[in-house]
Amino acid sequence: MLGYVHLLFFLSEIGYVESNGMALAPLSFREIQSWSELTKTNVTIFEVESIRRLSLAYVDQAKKAKDKNCPPPYSPDTLMTVDKRKNVDSFFRNLARKKTK
């Protein structure tokens with residue numbers, strides 16, 4: 001993939017955060033390793049550290065967003081609409097076809 005865009009895809013696929021039972025927590029190295037092994041996705045240590053830093057930034061922004069004047073790390077534009085869902089479904093169908101060839 002070009003540049004570092006794939007890191008955002010990985011983060012989205014793993015999940016932006018974990019829960020420690022009381023609050024949001026950044027992804028642990030163990031969680032990233034489990035995802036990598038289960039999906040058979042080879043990642044470099046740079047990618048693992050970057051995914052973790054992105055997760056930490058998400059958690060930090062979510063904490064700051066408790067102030068009503070601070071935007072949360074998500075927006076209504078990121079919510080799944082019917083059209084977006086169709087695009088995602090189509091993407092994964094095409095991806096599955098490519099892997100079976």
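Author: Helices (H or I, at least four residues) and strands (E, at least two) are DSSP runs, numbered from the N terminus. The structure is a predicted model, in which local features need pLDDT of at least 70 and side-chain atom pairs count only at pLDDT 80 or more, while totals for chains, interfaces and linings use all residues. Residues are numbered from 1 along each chain as its sequence is written, and side-chain values use heavy atoms, with hydrogens and water left out.

Reader: In what order do the elements of the protein run from the N terminus on?

Author: The protein contains 4 helices and 2 strands. Read from the N terminus, their order is α-β-β-α-α-α.

Reader: Is K40 buried or exposed?

Author: K40 sits in the loop between α2 and α3, and although K40 is not a glycine, its phi is positive, at about 55 degrees. Buried means under 20% relative accessible area, exposed over 50%, and partly exposed in between (1.4 Å probe, protein chains only). Because its relative accessible area is 72%, K40 counts as exposed.

Reader: How is α1 oriented to α2?

Author: The axes, which are lines fitted to C-alpha atoms, for helices over the stretch in contact, give angles from 0 to 180 degrees between N-to-C directions. For helix α1 (residues 5-14) and helix α2 (residues 29-39), the axes come within 11 Å and cross at roughly 95 degrees. Angles under 35 degrees count as roughly parallel, over 145 as roughly antiparallel, 65 to 115 as roughly perpendicular and the rest as oblique. The crossing therefore makes α1, relative to α2, roughly perpendicular.

Reader: Which residues in α2 do F10, E13 and I14 meet?

Author: A contact is taken as heavy atoms within 4.5 Å. By that criterion, F10, E13 and I14 in α1 meet, in α2, the residues E31, I32, W35 and T39.

Reader: Is S55 buried or exposed?

Author: S55 belongs to helix α3 and, not counting residues up to four places away in sequence, touches L11, Y16, V17, A25, P26 and L27. Since its relative accessible area is 0%, S55 is buried.

Reader: How much accessible area do Y4, I45 and F46 have together?

Author: Accessible areas come from the Shrake-Rupley method with a 1.4 Å probe, and for residues only the protein chains shown count as cover. I45 is located in helix α3 (residues 45-64), and because its relative accessibility is 58%, I45 counts as exposed. Patches are made of residues with over 30% relative accessible area and no salt bridge (a side-chain nitrogen of Lys or Arg within 4 Å of a carboxyl oxygen of Asp or Glu), with like charges joined within 9 Å and nonpolar side chains (Val, Leu, Ile, Met, Phe, Trp, Tyr) within 5 Å. The nonpolar surface patch formed by Y4, I45 and F46 has a joint accessible area of about 370 Å².
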